[in-house]
Amino acid sequence: MSVDNQHFEISKQKEYLYVIKENISLVHPAYTNDPLNMYLLLGSHTALLLDTGCGLSPLKPIVDHVIGERKLIVFNTHYHWDHPLGNVEFGEVYIHENEVDNVSKPYDVSFLKDSPNEIVKIYAKQNFQIPPAKTIKTLKDGDVFDLGEIEIKIIHCPGHSPGSICLLTSTGELFTTDVAYYGDQFLPKKENFPEVLNTLSKLITLSEKQKNLELYPSHRNYPCDKTLLTDLYKGIENLENLWDTKIMFDFFEMWQIDDDKFRYYISQT
Ligand SMILES: [Zn+2]
């Protein structure tokens, strides 16, 4: 299958699963977690698009081409800028109830103004205020969606952000979104680490119950083995011991700590 588009890279992972990749370092070199993986799941009557990316190039024509006659529903995994900026192309987008306000108004991306990359001119034309989808609908923990032969269950996973979600499918995939991936980690302030660990521990328990679960993160490599969850859990648990090694990363205004598997950016507020 081919859709003529220079900006996204589209690949077919399974009969019912497509991946649409976007390089976020194109926007600003400080963002190193390339690529952003958007997923398109095809049920027999409904397709689900997971995230709409950076809003720099038309995404809907690509999605429409893949899904054919199926009905489309669109979810945001969470509100961080690299995931919902293409929402305006789609009439209706779902997000966890904790983050509805973040994506219901124009998204302010003026923090990207000083990027050395040409492509931010696309944001400049919109005065760095990216319009939202017309209708925002809410998701909550335990919600189930039937796509036809594939069922999706929403798991609320606070930590990376207050309304982060993961998705478990009846076909054996766990979409771990930005909650778990092999790349640079963005964490809330230290006081909130217990919430991050609690979320990871919930996912570890779930992955132990279900054999052959494949993990599909929203950044970098996929699919991952469930050791991703334990690697990340151990890494975050150990940050206390590495706390004195922290340095300031000015662009994000966050603490930075490195260990042998991950780089962590930790919010100061
Ligand atoms: Zn992200």
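Me: Which side chains along β18 point to one face and are buried, and which point to the other and are not?

Reply: In this predicted model, Tyr264 and Ile266 of β18 point to one face and are buried. Arg263, Tyr265 and Ser267 point to the other face and are not buried. In a regular strand the side chains alternate between the two faces of the sheet.

Me: What makes a residue such as Tyr264 count as buried?

Reply: The cut-off is 20 or more other C-beta atoms within 10 Å of its own. Tyr264 and Ile266 are buried, so each meets that cut-off.

Me: Along β17, which side chains are buried and which are not?

Reply: Trp255 and Ile257 point to one face of β17 (residues 254–258) and are buried. Met254, Gln256 and Asp258 point to the other face and are not.

Me: Why are β17 and β18 said to pair?

Reply: Pairing requires at least two bridges between the strands. β17 and β18 (residues 263–267) have five bridges, in the antiparallel sense, so they pair. Met254 stands opposite Ser267, and Gln256 stands opposite Tyr265. A hairpin of four residues joins β17 to β18.

Me: How do you know that β16 pairs with β17?

Reply: Three bridges join β16 (residues 247–249) to β17, and the cut-off is at least two, so the two strands pair. They run antiparallel. Ile247 has Gln256 as its bridge partner in β17.

Me: Which strand is joined to β18 by three bridges and runs parallel?

Reply: That strand is β14 (residues 185–187). Gln185 has Tyr264 as its bridge partner in β18.

Me: Why is Glu253 called exposed?

Reply: Glu253 has 12 C-beta neighbours inside 10 Å. The cut-off for exposed is 12 or fewer, so Glu253 counts as exposed. Glu253 is found in the loop between β16 and β17, a hairpin with four residues between the strands.

Me: What is the phi of Glu253?

Reply: Phi of Glu253 is near 55°, a positive value in a residue other than glycine. Most residues other than glycine have a negative phi.

Me: Why does Asn212 count as exposed?

Reply: Asn212 has 6 C-beta neighbours inside 10 Å, and exposed means 12 or fewer, so Asn212 is exposed. Asn212 lies in the loop between α4 (193–209) and β15. Its phi is positive, about 55°, although Asn212 is not a glycine.

Me: Where are Pro35 and Pro223, and what is the omega of the bond leading to each?

Reply: Pro35 lies in the loop between β2 (17–22) and β3 (36–42). The bond from Asp34 to Pro35 is cis, with omega near -15°. Pro223 is in the loop between β15 (214–217) and α5 (227–237), and the bond from Tyr222 to Pro223 is also cis, with omega near -15°. Most peptide bonds are trans.

Me: What makes β10 and β15 edge strands?

Reply: The open sheet has five strands in the order β10-β11-β12-β13-β15, with mixed pairing. β10 (144–146) and β15 each pair on one side only, and are the edge strands. The twist averages 20° from one strand to the next.

Me: How many bridges hold β10 to β11?

Reply: β10 and β11 (residues 151–156) have three bridges, in the antiparallel sense. At least two are required, so these strands pair. Phe145 has Ile152 as its bridge partner in β11.

Conventions. Residues numbered from 1 in each chain as written. Predicted model: local features only at pLDDT ≥ 70, side-chain atom pairs only at ≥ 80, totals over all residues. Helix = DSSP H or I, 4+ residues; strand = E, 2+ residues; numbered from the N terminus. Axes fitted to C-alpha atoms, helices over the stretch in contact; angles between N-to-C directions.
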